[in-house]
Amino acid sequence: MEPGVTAARPIQSNGPVALRIPGPRLGVMTWRFALMIEPAASDDSRADFTETFTVVDPAAPALSVGELSTQRGDGIFESIGVVDGHAQEVIPHLERLAHSAELCDLPVPHRFQWQQAVARAAAECPAGESVIKLILSRGIEHGPAPTAWVTATEAADFRAARTDGIRVVTLDRGLDSGAPERAPWLLLGAKTLSYAVNMAAIREARRREADDAIFVSSDGIVLEGPTSSVILRTGDRFTTPAPGAGILHGTTQLSLFARLEELGFETAYKSIPVAELERVDAAWLVSSVRLAAPIRSIDDRPLAVDATLTDDLNAYLLSPRD
Ligand code: PLP
């Protein structure tokens, strides 16, 4: 059980499905759902994968101590936003999961099996915002491999970040912009479970009295946030770092570019020197669960927040998207 957990009870009467658990915010009940998946081979032609899913008690131990995901962070994941029970952009997330699997030499996830697992988890999500996580681990050391599971829980409340904006600092990622091509084993474009560095960057941002960070290559090229993509606005032109630069191709950024084009704006992928951050009219960190967080300062330099456009973008991101 998690620290502080005193009791767990089913929120549905028909079995141990989703549990309401007193969460880290003392006294606040949160809920969680967990599903273990027996990964199917990519050529499995079954139409229904229900028998490969096992609902487990999210408050009980579920993983072996030999798990390579926990021992080495050796695995991949996706976080999908869910709004009123609708999982957003499932296919782009599954495509990125497959891409990460390929980069990490993991078996290719079976698209329909994972799609059905996401639908099963989404069916547990109540009204409001939730998050579904997909995890594919290398498996158990000297044992069966891989291990796969899906969880669902309520999303944190990001209203303040979406409306008031966030303060960010730029942080050197310590690698030059040639590293992704020169050293593909660094897995820079994969969404791996090894997020300790990303979490450390957010702690460093907080030490510098900011909310979040933008990674910059050692030769001064803008990359991404530790858990988000960067979008910049100059006049009516919106830009984002090219995904080939060793960053994740964000599903939210892709979706927002389509929306911005619909609104008549120009969009472009490009290599962005860090000095350009001083000249932009507005900027956002965007991701699947926090959505579009306008940046109100970069390295203590204030930046205007376009509340009307940001509200429009977040309303779009909160509408059902496939
Ligand atoms: N870049 C990194 C490093 C991330 O971890 C994430 C999301 O978690 C993103 C970008 C944004 O991706 P998405 O919009 O698909 O959530």
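The exercises below, each with a worked solution, concern a predicted model.

**Exercise 1. Domains**

Task: Find which residue ranges make up domain 1 and domain 2, and describe the contact between the two domains.

Solution. Start with the bounds: the domain assignment places residues 9–154 in domain 1 and residues 159–318 in domain 2. Next, take the distance between the C-alpha centres of domain 1 and domain 2, which is 26 Å. Then count the residues in the contact: domain 1 contributes 19 and domain 2 contributes 14. On the domain 1 side, strand S5 (75–83) and helix H2 (90–103) each provide at least two of the residues that touch domain 2. S5 gives the most to this side, with eight residues. Finally, sort the residues on the domain 1 side by class: eight are nonpolar, eight are polar and three are charged.

**Exercise 2. Strand S15 and its partners**

Task: State which strands pair with S15, and in which sense each one pairs.

Solution. Begin with strand S9 (residues 166–172), which pairs with strand S15 (residues 291–298) in the parallel sense over three bridges. Within this pair, arginine 167 has serine 297 of S15 as its bridge partner.

Turn next to S14, which is antiparallel to S15, with four bridges between them. Here tryptophan 284 is bridged to proline 294 in S15. The link from S14 to S15 is a hairpin of three residues.

Last comes strand S16 (residues 301–302), paired with S15 in the antiparallel sense over two bridges. Serine 297, the bridge partner of arginine 167, also has proline 302 in S16 as a bridge partner. A hairpin with two residues between the strands is formed by S15 and S16. In its turn, aspartate 299 has a positive phi of about 50 degrees.

**Exercise 3. The shell around the ligand**

Task: Identify which residues come nearest to the ligand and which elements supply the shell.

Solution. The shell holds 14 residues, of which Leu248, Gly250, Thr251, Thr252 and Ser288 come nearest to the ligand. Two elements give two or more residues each: helix H7 (251–262) and strand S14 (282–287). H7 provides the largest share, three residues. By class, the shell consists of 10 polar residues, three nonpolar residues and one charged residue. S14 also belongs to the previous exercise, where it pairs with S15.

**Exercise 4. Alanine 161**

Task: Decide whether alanine 161 is buried, partly exposed or exposed, and list its contacts.

Solution. First locate the residue: alanine 161 lies in helix H4 (residues 159–164). Then count neighbours: a buried residue needs 20 or more C-beta atoms within 10 Å, and an exposed one has 12 or fewer. Alanine 161 has 18 C-beta neighbours inside 10 Å and therefore counts as partly exposed. Leaving out residues up to four places away in sequence, alanine 161 touches Ile166, Arg290 and Ala293. For a distance across the chain, take isoleucine 37: alanine 161 is 124 residues from it in sequence and 34 Å from it in space, C-alpha to C-alpha.

**Exercise 5. The span of helix H3**

Task: Check what length helix H3 (residues 111–122) should span, and list which of its residues are buried.

Solution. Helix H3 has 12 residues, and the expected span is 1.5 Å times one less than that number. This gives 16 Å. The end C-alpha atoms of H3 are 16 Å apart, so the expected span agrees with the model. The buried residues of H3 are Gln113, Trp114, Ala117, Val118, Ala121 and Ala122.

Definitions and conventions:
Residues numbered from 1 in each chain as written. Predicted model: local features only at pLDDT ≥ 70, side-chain atom pairs only at ≥ 80, totals over all residues. Near = placed C-beta within 6 Å. Nonpolar A, V, L, I, M, F, W, Y, C, P; charged D, E, K, R; others polar. Pairing = 2+ DSSP bridges. Domains from an automatic or database assignment. Contact = placed C-beta atoms within 7 Å.
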